[in-house]
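Student: Could you take me through the packing in this model, with a close look at one part and how its side chains meet their surroundings?

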Amino acid sequence: MNLAATAGSVWQSLLSRRLLALAALMVAVAVLFVIDLGTGPARLAPAEVLLALAGSAPDPTTAAIVWSIRLPMAVLGLLVGAALGLSGAVVQIVLANPLASPYTLGIAGAAGFGAAVAIVFDMPLPLPLSGELRTVLFAFLTAVLAVALLLALSGLRGGRPETIVLAGLAILFLFQALLALVQYLATPEALAQIVFWLFGSLARADWGKIVFLAASLSVALPALMRLSWRLSALALGEERAAALGARPGALRLEALAWVSLLTAVAVAFAGTIGFVGLVAPHLARALVGEDHRFLLPSAALAGSLLLLAASIAARALVPGSLLPIGILTALVGVPFLLGLVLRRSLRRTG
Amino acid sequence: MIRVQELSVTLAGRRVLERIELEVTAGEIVALIGPNGAGKSTLLRAVAGLVASEGRIQLGIDGRGCRLAYMPQDLAAPRLSVLEVVLLGRLDRLGFKVTGGDLEAAWEALTAVGQEALARRTMAELSGGQRQMVYLAQALARRPEAVLLDEPLSALDLRHALEVADLLRRLVHERRLACLLVLHDLNAAARMADRLVLLRDGRILAQGPPASMLRPQNLATLYGVEAAVLDGPDGAPVILPLRPLEVGLAAA
């Protein structure tokens with residue numbers, strides 16, 4: 001066999017292994033999505049859910065439950081999970097830190113502060129917005145403000161990881177302090193609202209949010225995929241990546257801008273849902289390695305997977321109620337994380 | 001070829017390199033030797049364009065520029081397959097979808113270092129020496145005309161160090177590469193390099209063929225040690241370090 005043919009066949013076998021893992025993730029997400037649609041306080045039979053989806057629900061209530069509650073929640077869960085998983089993968093490679101997550105950058109803290117301000121203070125707005133939309137808008141705007149601050153601070157020193165982490169931490173503490181201040185000033189009712197918002201929940205899902213988040217993802221994912229070889233080069237270390245022409249400083253800032261946008265949108269719509277952005281990238285890396293052409297979509301899928309699993313668990317654990325999903329993601333995520341850690345250390349000792 | 005003229009580098013307010021003059025022609029291996037902190041790695045990084053410098057760095061014939069590969073000392077072991085790591089050597093030409101040309105160049109480089117059997121393995125599974133070889137293949141996959149290698153033998157045991165040294169010599173001569181490298185092992189430098197550059201405190205003390213550079217007096221000035229220089233069985237000098245010199249004498 002000649003050189004090109006041998007190289008080609010080895011490459012094909014590597015690719016098909018990765019594509020297989022990607023396909024398996026897709027199937028798993030699809031299965032959990034269907035299960036998620038089938039669970040909820042209203043005990044609908046699977047056939048009823050399917051009929052309602054097909055547009056021939058047995059009664060208007062079933063149609064309303066499926067189309068206005070369950071489907072939006074499931075789709076939003078899918079998208080928020082994907083946004084957080086994807087963001088987590090990028091943040092971890094960009095900061096060269098496996099413990100980083102989108103929240104390390106302080107964006108979620110800022111969004112929380114924005115939401116709290118909207119809930120507590122009745123500020124006049126030029127737009128006639130409902131209370132809920134106001135909260136979303138404020139959360140999003142403060143998150144964008146935090147992003148601008150982060151990028152400006154990080155850009156000062158050429159986008160070095162240490163600078164970015166420190167700038168993120170400073171922003172996080174700043175907005176945590178501001179949030180505490182707002183909470184201190186809030187009435188007991190407003191305080192309860194803030195706390196509930198901070199838990200993170202898919203219960204506020206509607207089609208408008210879904211379209212907005214889907215649009216953000218469909219812009220950010222291709223933009224990040226275009227950077228995937230350079231992101232993979234970062235895994236070889238700063239110096240080597242720079243010598244190969246990856247331009248690490250500029251790469252970090254560009255990747256962070258996209259990730260921050262995604263996180264800001266996800267947090268504004270669903271509150272702070274922790275752990276997904278931390279664990280999903282590890283799960284994806286174990287499956288497809290660090291070729292970011294495969295890692296980025298896999299991390300997005302793994303994020304969806306974790307969030308749907310948490311959503312199903314939230315309904316199964318306390319039947320009849322909708323527990324905020326943010327409480328459950330960590331409980332579902334911890335076994336995943338421990339599984340990965342143990343598997344790796346077993347392989348090392350075995 | 002690589003030509004460096006009046007090159008100075010200042011890092012954090014400290015002059016690390018002072019008016020360096022250096023030339024490496026095609027098919028030649030030039031080794032930088034000197035104590036820790038002499039500025040050897042900084043010189044490589046300056047030529048690679050990774051640190052800001054004053055002076056002139058000319059690459060290629062008449063300074064027209066040439067493809068350069070730089071191999072730093074650290075041997076990161078990401079969860080990437082060996083073939084992917086070698087492909088990354090061609091980062092500036094890689095499209096989202098890998099072309100046959102890129103694959104062929106990567107495979108040829110991997111074959112040149114004799115490691116094509118490792119192609120599917122993950123970097124994290126490899127020994128330090130194997131990673132060294134893979135990164136060497138990555139450098140070759142760029143199809144460079146000049147290579148800058150920082151301690152290319154550091155992770156290797158005796159046998160592998162000999163093998164890589166021979167491989168490097170062969171590749172440099174066959175492919176007419178201009179090769180500038182940093183070596184701590186003086187005996188390896190004596191066998192490998194066509195020319196040695198003695199660097200101390202950011203300045204070049206002397207440069208020339210190994211046999212004329214590796215003299216007890218030079219080693220005393222450079223490292224502050226008393227060393228015996230013996231005739232090796234293959235003609236290259238063999239260094240036997242004996243004892244550190246008194247500080248006053250070393251500084252003289």
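Student: Which residues have the most contacts inside the largest nonpolar core, and how many residues does that core have?

Tutor: Happy to. Please keep in mind that this is a predicted model. The largest nonpolar core has 185 residues. Those with the most contacts inside it are Trp11(A), Val80(A), Leu231(A) and Ile273(A) from chain A, together with Leu83(B), Val86(B) and Leu196(B) from chain B. Helix α3 of chain A, residues 60-94, gives the largest share of this core, 18 residues. Apart from this core lies another one, of 29 residues, and among them are Ala243(A), Val4(B), Leu43(B) and Leu180(B).

Let us look at Trp11(A) first. Leaving aside residues up to four places away in sequence, Trp11(A) touches Trp229(A) and Arg293(A) in chain A, and Leu83(B), Glu84(B), Leu87(B), Val98(B) and Leu103(B) in chain B. One of these partners, Arg293(A), also lies over the face of Phe96(B), at 5.8 Å from the ring centre. Another charge over a ring is found at Arg240(A), whose charged end sits 3.5 Å from the centre of the ring of Tyr135(B).

Now to the helices. Helix α13 of chain A covers residues 292-317. Its 26 residues should span 38 Å at 1.5 Å a residue, and the 36 Å between its end C-alpha atoms agrees with that. Of those 26 residues, 23 are buried, so α13(A) is largely enclosed by the rest of the structure.

Helix α5 of chain A can be checked in the same manner. For its 26 residues the expected span is 38 Å at 1.5 Å a residue, and the end C-alpha atoms of α5(A) are 38 Å apart, which agrees. The buried residues of α5(A) include Arg134(A), Thr135(A), Val136(A), Phe138(A), Ala139(A) and Phe140(A). Further along α5(A), Thr142(A), Ala143(A), Ala146(A), Val147(A), Leu150(A) and Ser154(A) are buried as well. An α-helix has 3.6 residues a turn, so residues three or four places apart point the same way. What covers the buried residues of α5(A) includes α4 (107-120), α6 (161-185), α7 (188-199), α8 and α11 of chain A. After α5(A) comes Gly158(A), with a positive phi near 75 degrees.

Two of those covering helices also meet α5(A) or each other through aromatic rings. The structure holds 3 aromatic pairs over all chains. In one of them, Phe140(A) and Phe212(A) are edge-to-face, with 6.3 Å from centre to centre and 85 degrees between the planes. This pair links distant parts of the chain, since Phe140(A) is in helix α5 (residues 131-156) and Phe212(A) in helix α8 (residues 207-226), 72 residues apart. Phe212(A) counts as partly exposed at 43% relative accessibility. Phe212(A) also pairs with Phe269(A): the ring centres are 5.9 Å apart and the planes at 75 degrees, so this pair is edge-to-face too. Phe269(A) lies in helix α11 and Phe212(A) in helix α8, so the pair ties together parts that are 57 residues apart in sequence. With 8% relative accessibility, Phe269(A) counts as buried. Ring pairs thus link Phe140(A), Phe212(A) and Phe269(A) into a cluster.

Finally, the charged side chains. The count comes to 24 salt bridges over all chains. One of them joins Arg252(A) and Glu238(A), at 2.8 Å from N to O. Here too distant parts of the chain are linked, with Arg252(A) in helix α11 (residues 248-270) and Glu238(A) in helix α10 (residues 238-244), 14 residues apart. Arg252(A) counts as buried at 2% relative accessibility, whereas Glu238(A) is partly exposed at 30%.

In chain B, Arg15(B) and Glu18(B) meet in a salt bridge of 3.1 Å, N to O. Arg15(B) is partly exposed, with a relative accessible area of 35%. Glu54(B) belongs to a network of salt bridges with Arg15(B) and Glu18(B). Another salt bridge joins Arg143(B) and Glu108(B), at 3.9 Å from N to O. Arg143(B) lies in the loop between α4 (128-141) and β6 (146-150) and Glu108(B) in helix α3 (residues 100-112) of chain B, so the pair ties together parts that are 35 residues apart in sequence. Both ends are partly exposed: Arg143(B) has a relative accessible area of 44%, and Glu108(B) one of 22%.

Methods: Residues are numbered from 1 along each chain as its sequence is written. Chains are lettered from A and ligands numbered from 1 in the order in which they are written. This is a predicted model: local features need pLDDT of at least 70, side-chain atom pairs count only at pLDDT 80 or more; totals for chains, interfaces and linings use all residues. Side-chain values use heavy atoms; hydrogens and water are left out. Helices (H or I, at least four residues) and strands (E, at least two) are DSSP runs, numbered from the N terminus. The expected span of a helix is 1.5 Å times one less than its number of residues. Buried means under 20% relative accessible area, exposed over 50%, partly exposed in between (1.4 Å probe, protein chains only). A salt bridge is a side-chain nitrogen of Lys or Arg within 4 Å of a carboxyl oxygen of Asp or Glu. A nonpolar core is a set of buried Ala, Val, Leu, Ile, Met, Phe, Trp, Tyr and Cys residues joined through side-chain atoms within 4.5 Å. Contact means heavy atoms within 4.5 Å. Rings of Phe, Tyr and Trp (its six-membered ring) pair if their centres lie within 6.5 Å; planes under 30 degrees apart count as stacked, over 60 as edge-to-face and the rest as tilted. A charge sits over a ring if NZ of Lys or CZ of Arg is within 6 Å of the ring centre and within 35 degrees of the ring normal.
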